[in-house]
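Visitor: I'm new to this one, so could you walk me through it and tell me how you back up each term you use?

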Amino acid sequence: MRYNIVFAFCIVSAGALAQGAPRESLDPKVTEVWDLKPKKITAGVNYGEAPSDAVIIFDGKDLSKFTDLNGADAKWDVKDGAFTVSKASGDIKTKQTFGDMQLHIEWRTPTEIVGEGQGRGNSGIFLQERYELQVLDSYESPTYSNGQASSIYKQGIPLVNACRKPGEWQTYDVVYTAPRFTENGRVITQGAVTVFHNGVVTLNNYQIIGPTEYKGFPVYQPHGKASLKLQNHGNPVSYRNIWIREL
Ligand code: MG
């Protein structure tokens, strides 16, 4: 945003200088920005590989970046480079807190189909512990549209159903802008989220109405940075390769 502000200033300044002057006579250097350089990073080589400035949340080895909701060790099952929801812990959340971010996360619902609708392969990714990006087997399992995979639960309906078969790994790539609040807690701007599900845009700058509620309508409560939370909905959903870039 900083760069855009500088660029806008240049444009306005150039416009003021150029009033009445034909465009051909303008100096193109006036609108060039040289003194603010985007930080140089190294992008991943293959899709899903973390870039050099990412915070690695799970690299296949352990859950050291997570706790349960009481601050104790997260005890979901780690195996073969992934981890799976377990009764041993309820929901788990990252120790580190985040605001605006880019998130990459991979998930898999169980191969063995058990249950229907919201009872089949249900988990969830709570942005800032509050706003659930639904994880669900929505391949061939009807449920309410604003509760299927890739929805913001009970709010945003995905543009398409890009769900893969149960047992197959799937990806979410998320660009999230946290809500902004005044000092006395009023909403200045809602949270907003863009989601790529298996590389397909399913939410395009969706404006989040408020925190996820199972019953009733959501109402924003002011907050600062917060954890990424993963939901234990009683189904053995697995995750792997999780990284976040703070924006
Ligand atoms: Mg869920």
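Visitor: What makes strand 6 and strand 9 a pair?
Guide: Pairing takes at least two bridges between the strands, and strand 6 and strand 9 are joined by seven, running antiparallel. So they qualify under that cut-off of at least two. One example of a partnership here is His104, whose bridge partner in strand 9 is Asp173. Bear in mind that this is a predicted model.

Visitor: How do you know that strand 6 pairs with strand 15?
Guide: By the rule of at least two bridges again. Strand 6 and strand 15 share seven bridges, in the antiparallel sense. There, Gln102 stands opposite Arg245 of strand 15.

Visitor: Why is strand 6 called largely enclosed?
Guide: A residue is called buried when its relative accessible area is under 20%. Six of the eight residues of strand 6 are buried, so the rest of the structure largely encloses this strand. For the protein as a whole, 45% of the 247 residues count as buried.

Visitor: What makes a set of residues a nonpolar core, and how many residues does the largest one have?
Guide: The members must be buried residues of certain kinds, such as Val, Ile, Phe and Tyr, joined through side-chain atoms within 4.5 Å. The largest such core has 41 residues, and those with the most contacts inside it are Phe83, Ile125, Tyr172, Val193 and Tyr239. Among the elements that give two or more residues to this core are strand 1 (55-58), strand 9 (170-177) and strand 15 (238-246). Strand 6 provides the largest share, four residues.

Visitor: Which residues are called donors of the magnesium ion, and why?
Guide: A donor here is an N, O or S atom within 2.8 Å of the metal. Asn122 (OD1), Ser123 (O), Glu132 (OE), Gln134 (OE1) and Gln231 (OE1) lie 2.2 to 2.3 Å from the magnesium ion, so these protein atoms meet the 2.8 Å cut-off. Ser123 lies in strand 7 (residues 123-127) and Gln134 in strand 8 (residues 131-135), so the pair ties together parts that are eleven residues apart in sequence. Both Ser123 and Gln134 are buried, with under 20% as the cut-off for that word.

Visitor: Where do the bounds of domain 1 and domain 2 fall?
Guide: The domain assignment gives domain 1 as 1-38 and domain 2 as 41-246. Their C-alpha centres lie 40 Å apart. The C-alpha atoms of the protein fill a box of roughly 70 × 40 × 35 Å along the principal axes.

Terms used
Residues are numbered from 1 along each chain as its sequence is written. This is a predicted model: local features need pLDDT of at least 70, side-chain atom pairs count only at pLDDT 80 or more; totals for chains, interfaces and linings use all residues. Side-chain values use heavy atoms; hydrogens and water are left out. Donors are N, O and S atoms within 2.8 Å of the metal (3.2 Å for Na, K and Ca); water is not among the atoms, so sites may look incomplete. Buried means under 20% relative accessible area, exposed over 50%, partly exposed in between (1.4 Å probe, protein chains only). Domain bounds come from an automatic or database domain assignment.
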